[in-house]
Amino acid sequence: MLEELKEANEYIIGKIKEEDQLVLEMEEYAREHNVPIVTKEVAEYLKFMIDINKSKNILEVGTAIGYSGILMGTVAKKYNGKLVTIEIDEERYKLAQENFKKSGLDNITSILGDATEEIKKLDEEFDFVFIDASKGHYMEFFNDSYKLLKKDGIIFIDNIMFRGYLYKEYPKRFKTIVRRLDEFINYLYENYNFTLVPFGDGIGLLKKED
């Protein structure tokens, strides 16, 4: 089954034709410097979800080099929307700023800092939240951002299955992260309108209903 999913993902990726030169350059940089960015199939799904929800106010937890931010900001601009993105690593934050400037997008606000602190400082509502940062803090990122989520808003959680370590043997040094993610998934299933999608490195999707 897992091999079939891998082959399906490769088929999907083969169909995606990216023409934006900046996006292509960022993908190449990420490969060369081992920077984690969303996979091509996850990127397509992310853009699709934002588009069908006509999301106008997006929060991103984990900017990295700005790859997913540019993808989301581009779609949000269609609806006069904006993106607020948070990054803890100063070097990646600065590189993201350069990429945002190159993109020409004027609807992205970047915050340098620890998301466990910075989300609590925000005083606006969001209709879409994308979480892709420190896996050990996913529960805290979720709880803090959920408070800012509008009714019918979506939370999109990437890499929630952490390299497949939630269902296969993992290095002992990751024991705490694996345990926390497993507990987090159980918590979401038990308390929210949540689903887990098994492609990329696992996507968690949640809709706020109250």
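User: Which side chain makes a polar contact at 2.6 Å with the side chain of Glu 27?

Analyst: In this predicted model, Glu 27 belongs to helix 2, which covers residues 21-33. Leaving aside neighbours within four places in sequence, Glu 27 is in contact with Ile 37, Lys 40 and Tyr 67. One polar contact of the Glu 27 side chain, at 2.8 Å, is with the side chain of Lys 40, while the polar contact at 2.6 Å is with the side chain of Tyr 67.

User: Does Glu 27 count as buried or exposed, and what is its relative accessibility?

Analyst: A residue is called buried when its relative accessible area is under 20%. Glu 27 falls under that cut-off and therefore counts as buried, its relative accessibility being 8%.

User: In which loop is Asn 107 found, and which backbone oxygen lies 2.9 Å from a polar atom of its side chain?

Analyst: Asn 107 sits in the loop between helix 5 and strand 3 (108-112), and because its relative accessibility is 8%, Asn 107 counts as buried. Beyond its neighbours within four places in sequence, the residues in contact with Asn 107 are Gly 73, Ala 76, Lys 77, Gly 81, Lys 82 and Leu 83. The side chain of Asn 107 reaches the backbone oxygen of Gly 73 at 3.0 Å, and the backbone oxygen lying 2.9 Å from a polar atom of that side chain is the one of Gly 81.

User: How many salt bridges does the structure hold?

Analyst: Side chains of opposite charge can pair when their charged atoms come close. One of the pairs in this structure is formed by the side chains of Lys 47 and Glu 44, with 3.0 Å from N to O. The number of salt bridges that the structure holds is 14.

User: How many residues apart are Lys 47 and Glu 44 in helix 3?

Analyst: The side chains of Lys 47 and Glu 44 meet in a salt bridge, and Glu 44 counts as partly exposed because its relative accessibility is 31%. Both residues lie in helix 3 (residues 40-52), where they are separated by about one helical turn because their spacing along the chain is 3 residues.

User: What is the distance between the closest N and O atoms in the salt bridge of Lys 94 with Glu 90?

Analyst: Lys 94 and Glu 90 both belong to helix 5 (residues 90-103), where they are 4 residues apart, about one turn of the helix. Lys 94 is partly exposed, with a relative accessible area of 46%, and Glu 90 also counts as partly exposed, at 44% relative accessibility. In the salt bridge between Lys 94 and Glu 90, the closest N and O atoms are separated by 3.5 Å.

User: Which residues are joined into one network by salt bridges that share partners?

Analyst: The side chains of Glu 140 and Lys 120 meet in a salt bridge at 3.1 Å, N to O. This pair links distant parts of the chain, with Glu 140 in helix 7 (residues 138-146) and Lys 120 in helix 6 (residues 115-121), 20 residues apart. Glu 140 is partly exposed, with a relative accessible area of 32%, and Lys 120 is likewise partly exposed, with a relative accessible area of 49%. Through salt bridges that share partners, one network joins Lys 120, Glu 140 and Asp 144.

User: Is helix 2 roughly parallel or roughly antiparallel to helix 5?

Analyst: Where these helices meet, Leu 22, Met 26 and Tyr 29 in helix 2 are in contact with Leu 95, Asn 99, Lys 102 and Ser 103 in helix 5, and helix 2 passes helix 5 in a right-handed crossing. The axes of the two helices come within 11 Å and cross at roughly 160 degrees. An angle over 145 degrees counts as roughly antiparallel, and therefore helix 2 is, relative to helix 5, roughly antiparallel.

User: What is the phi of Asp 152, which is not a glycine?

Analyst: Most residues other than glycine have a negative phi. Lys 54, in the loop between helix 3 and strand 1 (57-61), has a positive phi of about 50 degrees although it is not a glycine. Asp 152 lies in strand 5 (residues 149-157) and is partly exposed, with a relative accessible area of 40%. Although Asp 152 is not a glycine, its phi is positive, at about 75 degrees.

Definitions and conventions. Residues numbered from 1 in each chain as written. Predicted model: local features only at pLDDT ≥ 70, side-chain atom pairs only at ≥ 80, totals over all residues. Heavy atoms only, no water. Buried < 20%, exposed > 50% of the residue type's maximum accessible area, 1.4 Å probe, protein only. Polar contact = N/O pair within 3.5 Å; in protein donor to acceptor, adjacent residues only side chain to side chain. Contact = heavy atoms within 4.5 Å. Salt bridge = Lys/Arg side-chain N within 4 Å of Asp/Glu carboxyl O. Axes fitted to C-alpha atoms, helices over the stretch in contact; angles between N-to-C directions. Parallel < 35°, antiparallel > 145°, perpendicular 65-115°, else oblique. Left-handed = near helix turned anticlockwise from the far one by under 90°.
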